[in-house]
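Q: Could you take me through one part of this structure slowly? I'd like to get a proper feel for how the strands sit side by side.

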Amino acid sequence: MVASEATPWAKTGGLADVVAALPTALGSLGHRVTTILPKYRGVRADVGVRLERGVRVGPTEYTVGCETVDLSPRRRAVFIDYPPYFDRDGIYGVGGRDYADSAQRYALLATAALDVAAADLASWPADVIHAHDWQGGLAPALLALTPGRWPALLQSARVFTIHNLAYQGLFPRDVVPAVGLPWRAFDIAGGEFWGQFSYLKAGINYADRITTVSPRYAEEILTPAFGVGMEGVLQARRHRFQGILNGIDTAVWDPQTDPHLPAHFGPGDLAGKRVCKRALLERVGLPVGDDALERPLIGLVSRLVAQKGLDLVEGAATALMALDAAWVFVGSGEPRFEGFLKRLAAAHPSRVAAVIGFDESLAHLVEAGSDMFLMPSHFEPCGLNQMYSLRYGTVPIVRAVGGLDDTIQPYTARAVKANGFKFHDATPDALARTVRQAVRLYRDKERWHPLIEQGMAEDHSWARSAREYVKVYRRARLDAAARSGLTS
Ligand code: ADP
Ligand code: GLC
């Protein structure tokens, strides 16, 4: 697997959790996985074995360190160490701006990954090269267009997973020779996208199989409303494309053992959840009296970007603040959303807390200590937080898009297996109405408890989805065999 993030080494969002948990789940099914990622600042891989390697990207020769860490007999991570590119303050950039040399940074990652895969083939056969998001997109493209560089990988199947179609890795056309691709890559059926070169589009077009992270999002992105201009590209490959719902790592996200929590709880025993609620209120500086413990607490943990629907929260703020509820917001991202949350907290200091920053431990406590969790996304390829919420007895309130639509069954008076609340229109009104409905129902414990119990009883572990990936790998292997049979 080639990716730009993996928990616990580097994380800005859900990609990191998936790239960590899927290999473990594949391992349980008997497969062996190498995860190749950059050695960013703060990644301490010095316990691993280090090898210096020359890597050629277009006309440029790099000397990089490849540091291998064995995580289990079936799983290892290889960190690509090139300090000028990766030993920096941020993962993708600083102050909300991407680094200007992103194209080179991830071309180096993809190329080094293929070099490692080819070199280690005897001990770690690479039946499948699985690249994630635009940062991995050049791996399938390089394999398809310059196969002579890696003859050992001719039979390797190429799988590409889209975690978010909105990040397209778009660069000026000059990157094509600079990253070692032939000009025929700059084609409408290749990586060319409106005069630029897209690593994402290249990943889509040069993979044997393409997946995305929920069935609903897979349908949505075939349409102009969600396709971000790539809908035609995906339609052309739709017979090779499918959605597989992400799972969650049930060892890392387990309210019965979570080391970030002051008390533990589980299905049928929610006493510890109240302790977590009190601890959360205390930690974010909200009142902790009996009133506060009775009042519903609504959490949100998110990258603060347009995708996540903070504009809807802003539009609905007056209506939401009129409800008898308290709020904890945790996130970082665009200044306009950070500013809005800070102002909201300043205006309602006894009922709203805004913690700006990335805080893994607090994210766990918000899941445990909140009564409800809000995800009003404009689009959501999968979303992991709603599944963490279900497991932590926290009722999700979501917009009916992507993986949120696939995982949340809305409450109605007669619904069976309801586990949350869901609204359709991307309007402040629809959001406010749904939150109001949830806050009302919260008082009606006989109706509220079944929602919690349903969520906690559900199985969102990786087991099923990992088997789906294996099926995709097998199909991709057949594609690869047919392909190499044709070319040999
Ligand atoms: P996305 O990948 O689009 O950000 P997901 O719901 O798939 O959305 O995953 C987000 C992950 O990132 C979750 O594990 C969430 O807890 C975490 N996360 C997001 N923002 C923060 C933050 N400010 N502090 C801690 N964790 C965060
Ligand atoms: C992306 C998506 C998110 C998804 C995550 C992991 O960051 O925005 O919805 O859960 O990737 O696949």
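In what order do the strands of the open sheet with parallel pairing come?

A: Sure, let's walk through it. Keep in mind that this is a predicted model. The open sheet has 6 strands, and reading across you meet them in the order β16-β15-β14-β17-β18-β19, with parallel pairing. Notice that the numbers don't simply count up as you cross: β14 sits between β15 and β17 in that order. At the two edges you find β16, residues 352-356, and β19, residues 421-423, and each of them pairs on one side only. Neighbouring strands here are turned against each other by 15° on average, ignoring direction.

What holds strands side by side in a sheet? In general, they pair through backbone hydrogen bonds, and the pairing can be parallel or antiparallel.

Now zoom in on one pair. Strand β14 covers residues 297-304 and strand β15 covers residues 326-333; they run parallel and are joined by 8 bridges. If you want a spot to find on screen, go to leucine 297: its bridge partner in β15 is alanine 326. Then look for helix α15, residues 335-347, which packs on this sheet. The helix touches β14, β15 and β16, and its direction makes about 145° with that of β16.

For a contrast, try another set of strands, where the pairing is antiparallel. Strand β2 (residues 49-57) and strand β3 (residues 60-72) run antiparallel, with 9 bridges between them. Together β2 and β3 make a hairpin with 2 residues between them, and glycine 58 in that turn has a positive phi of about 55°. Next, β3 pairs with strand β4 (residues 75-81), again in the antiparallel sense, over 7 bridges. A hairpin joins β3 to β4 too, through 2 residues.

Here's a nice way to trace your way across these strands: start at leucine 51, which stands opposite cysteine 66 in β3. From cysteine 66, carry on to isoleucine 80, which stands opposite it in β4. And while you follow any one strand along, remember a general point: in a regular strand, side chains alternate between the two faces of the sheet.

So, back to your open sheet: picture β16-β15-β14-β17-β18-β19 in parallel pairing, with β16 and β19 as the edge strands and helix α15 packed on it.

Conventions:
Residues are numbered from 1 along each chain as its sequence is written. Chains are lettered from A and ligands numbered from 1 in the order in which they are written. This is a predicted model: local features need pLDDT of at least 70, side-chain atom pairs count only at pLDDT 80 or more; totals for chains, interfaces and linings use all residues. Side-chain values use heavy atoms; hydrogens and water are left out. Two strands pair if DSSP finds at least two bridges between them. Helices (H or I, at least four residues) and strands (E, at least two) are DSSP runs, numbered from the N terminus. Axes are lines fitted to C-alpha atoms, for helices over the stretch in contact, and angles run from 0 to 180 degrees between N-to-C directions. Contact means heavy atoms within 4.5 Å.
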